[in-house]
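Work through the following exercises on aromatic rings and the charges beside them, with the sequence and the model at hand.

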Amino acid sequence: MNIQISITSDFICPWCYIGEKRLARAIERLPSGIEVELQWLPFELNPDMPPEGMDRGTYLSHKFGSWERVQAMQARIELAGGGDGATFDYQRIQRTPNTFLAHRLSWLAQREGKQRSFVEAAFQAYFAYGRDIGSAGVLTEIAVASGLDRNAVAAFLGSGNGVDSVRALERIGLEPGIQGVPYFDVAGTAIIGAQPAETLLQTIIEAASRLAPRPAA
């Protein structure tokens with residue numbers, strides 16, 4: 001039984017990173033006979049972010065009112081993600097990037113069967129190592145490490161390929177009224193937010209049971 005799961009998320013969303021880790025834990029615990037097919041869909045938390053990004057401290061202090069409030073939020077996020085293997089090193093993160101280029105490469109990786117590896121690596125690069133995932137050079141390194149061909153990535157980034165497709169996927173993501181991420185669609189069942197791995201596991205199992213062929217009468 002193959003269960004289709006789409007995940008709408010953004011690469012700078014810490015709860016999306018935690019949600020990805022929890023989904024991976026759920027998949028590891030699936031009973032024999034249940035397989036999943038994953039697709040990450042684009043969502044930009046900051047669609048008006050300049051292409052070069054912004055200083056992270058300045059941006060978040062303005063967005064949330066003060067740097068002290070940002071630090072308190074970060075501490076809660078680190079605590080929430082620690083048990084799921086989501087590593088955060090906020091001291092390393094200097095910039096809040098524009099993520100559209102990362103979403104374009106995720107789209108390319110999906111077409112090449114490498115999307116899960118790319119998504120995992122991009123989250124890790126940003127949150128654990130503070131790398132600028134708005135940079136074409138950094139994203140190229142991540143894509144190549146995820147199994148994509150360096151020359152193909154360079155040609156892709158130098159073209160307009162994927163731009164219209166990613167924009168279309170972003171619009172589709174807004175149709176069910178998604179206002180926050182992560183948003184999981186498990187064979188038609190919506191899960192909003194980084195729910196526990198057990199919740200994701202049970203939802204996948206229930207979807208498999210619902211979609212299983214019924215024996216002939």
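The exercises below take up ring pairs, then charges over rings.

This is a predicted model, in which local features need pLDDT of at least 70 and side-chain atom pairs count only at pLDDT 80 or more, while totals for chains, interfaces and linings use all residues. Residues are numbered from 1 along each chain as its sequence is written, and side-chain values use heavy atoms, with hydrogens and water left out.

**Exercise 1.** Characterise the aromatic pair of Trp107 and Phe156.

*Solution.* Rings of Phe, Tyr and Trp (its six-membered ring) pair if their centres lie within 6.5 Å, and planes under 30 degrees apart count as stacked, over 60 as edge-to-face and the rest as tilted. The structure holds ten such aromatic pairs. In one of them, Trp107 and Phe156 are stacked, at 6.1 Å centre to centre with 20 degrees between the planes. Trp107 lies in helix α4 (residues 100–111) and Phe156 in helix α7 (residues 150–157), so the pair ties together parts that are 49 residues apart in sequence; helices are DSSP runs (H or I, at least four residues), numbered from the N terminus. Trp107 is buried (under 20% relative accessible area, 1.4 Å probe, protein chains only), with a value of 17%, and Phe156 is also buried, at 5%.

**Exercise 2.** Which charged end sits over the ring of Phe156, and which over that of Phe100?

*Solution.* A charge sits over a ring if NZ of Lys or CZ of Arg is within 6 Å of the ring centre and within 35 degrees of the ring normal. For Phe156 it is the charged end of Arg104, 4.6 Å from the ring centre. For Phe100 it is the charged end of Arg167, 3.8 Å from the ring centre.

Note on methods. Helices (H or I, at least four residues) and strands (E, at least two) are DSSP runs, numbered from the N terminus. Buried means under 20% relative accessible area, exposed over 50%, partly exposed in between (1.4 Å probe, protein chains only).
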